[in-house]
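Colleague: Please take a close look at one part of this model and describe how the pieces around it fit together.

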Amino acid sequence: MTLEYIRKIIGTILLVSLISLGFSKEVRQYLHIPKTITIFENDVYTIEKNVIPAQAQVQDVQNAFKVSESGDELQLKGTKSGDGQILYEIKGMPVKNVNVKVLPELKVIPGGQSIGVKLNTLGVLVVGFHQIETEAGKKSPGESAGVEVGDMITKINGTKIEKMSDIIPFIQEAGRTGRPLAIEVKRNNKVLNTKLTPVKDKSDKTYRIGLYIRDSAAGIGTMTFYDPKSKKYGALGHVISDMDTKKPIVVENGKIVRSTVTSIEKGRGGSPGEKLARFSEKHEVIGSISKNSPFGIFGRLNQEVKNGIMDKPIPVAFSHQVKEGPAQILTVVDQNKVEAFDVEIVSTVNQKFPATKGMVIKVTDKELLKKTGGIVQGMSGSPIIQDGKLVGAVTHVFVNDPTSGYGVHIEWMLQDAGISIDEKQQKAS
């Protein structure tokens with residue numbers, strides 16, 4: 001037996017041993033301990049104690065947290081904002097360092113109210129083409145000029161375009177003079193320029209450009225939360241996209257109004273249900289819209305809004321604090337009455353970076369199932385409450401199973417609302 005052969009055997013044994021060690025429960029538990037733990041004041045974070053004989057040494061010079069042992073668990077409780085460390089040692093040798101950051105307690109007021117949404121776009125949105133019957137045959141000047149569905153027309157002849165009526169004088173003037181229009185469009189965050197010459201419709205002798213356009217959008221949804229100090233709010237939990245182009249609407253401004261749920265179309269497998277609602281008779285504006293993002297719509301309220309069942313600020317939770325199990329959602333299914341309904345958080349993802357679909361929830365409340373069949377359109381934004389904390393918002397329903405759907409973690413909505421969980425940024429804002 002050669003020396004080289006012996007080396008190969010030893011190497012194989014070592015490799016198999018290392019792989020086996022990596023699959024062991026003890027190592028997996030140990031590696032599962034995060035490098036950084038972030039909690040709020042008065043929050044408790046639990047670390048499962050693995051069987052590796054490591055000792056946890058607290059190095060908390062700012063006295064930001066306390067550590068206690070309970071059975072097979074190590075519990076950290078935030079006492080005041082600050083930073084600290086936990087050092088794991090084996091026989092005096094450091095093997096893992098965990099940074100602990102304690103943030104000031106953040107509380108917001110949960111929503112649940114049904115709201116009407118009115119958005120004004122940044123320019124006018126191209127939603128389709130049409131062929132104009134001219135003396136020379138059918139033509140669509142907009143399509144010939146290279147304009148695409150989803151483009152936002154922002155300027156004509158150097159003049160800013162804000163609404164559809166702004167375009168009409170330019171079209172008629174260009175038709176009479178024969179001079180093409182200088183069109184500026186925004187497409188996928190790029191600014192493009194083209195020339196477009198209107199043509200005369202043979203039937204009514206009017207000049208047209210062959211584009212279907214829209215300058216606003218409207219719908220209903222649910223308020224998620226608002227900050228009682230700054231009046232910043234978040235709602236819907238998902239982006240508002242144009243119904244024709246399927247692209248996110250670029251918002252110039254907008255407003256939210258009170259709305260009343262008039263009836264419910266129940267959801268069934270393969271067919272999502274829907275809340276049918278109307279805007280308040282006086283179209284009472286309760287807030288502005290300044291942002292339409294993947295996590296909802298955001299802006300500021302101009303008046304206090306109450307849900308009638310949970311009108312005091314409650315703490316919020318990070319994604320790593322959300323757990324599988326019972327929870328509640330706040331929403332309206334009849335007129336203006338906000339009610340709490342039982343749900344189950346089936347799964348949750350500890351997200352380190354902003355992402356949608358952080359939770360899967362299932363409606364378990366018999367009364368809600370009877371009224372709606374589960375999650376329906378218009379319920380988006382309904383706040384999810386677990387253990388007295390706001391943890392997220394309902395976003396989407398599973399089309400083939402209306403009892404279940406997705407939820408978004410609340411920390412990403414707070415971020416897009418401009419409500420920072422960081423103490424320094426809180427003071428700055």
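**From a buried serine to a barrel and its helix**

Modeller: Ser-293 belongs to strand E23, which covers residues 291-293. The model is a predicted one. With a relative accessibility of 5%, Ser-293 is classed as buried, because buried means under 20% relative accessible area. Apart from neighbours within four places in sequence, Ser-293 has contacts with His-238, Val-239, Phe-298 and Asp-416.

Asp-416 leads on to helix H6, where it is one of the buried residues. The others listed as buried in H6 are Ile-410, Glu-411, Trp-412, Met-413, Leu-414 and Ala-417. The helix is therefore mostly covered, with seven of its eight residues under the 20% limit for burial. Just after H6, Gly-418 has a positive phi of about 85°.

Next comes the sheet. Six strands form a closed barrel in the order E26-E27-E28-E32-E31-E30, and the pairing is antiparallel. On average, neighbouring strands of this sheet are turned by 45° against each other, direction ignored. H6 (residues 410-417) packs on this sheet, where it touches strand E31 (389-398) and strand E32 (401-409). The direction of H6 makes about 55° with that of E32.

Elsewhere in the barrel, strand E26 (residues 325-334) and strand E30 (residues 383-386) run antiparallel and are joined by two bridges. In this pair, Ile-329 stands opposite Ile-384 of E30. In general, strands of a sheet pair through backbone hydrogen bonds, in either a parallel or an antiparallel way.

To connect the parts: Asp-416, a buried residue of H6, is in contact with Ser-293, and H6 packs on the sheet through E31 and E32.

Terms used:
Residues are numbered from 1 along each chain as its sequence is written. This is a predicted model: local features need pLDDT of at least 70, side-chain atom pairs count only at pLDDT 80 or more; totals for chains, interfaces and linings use all residues. Side-chain values use heavy atoms; hydrogens and water are left out. Helices (H or I, at least four residues) and strands (E, at least two) are DSSP runs, numbered from the N terminus. Buried means under 20% relative accessible area, exposed over 50%, partly exposed in between (1.4 Å probe, protein chains only). Contact means heavy atoms within 4.5 Å. Two strands pair if DSSP finds at least two bridges between them. Axes are lines fitted to C-alpha atoms, for helices over the stretch in contact, and angles run from 0 to 180 degrees between N-to-C directions.
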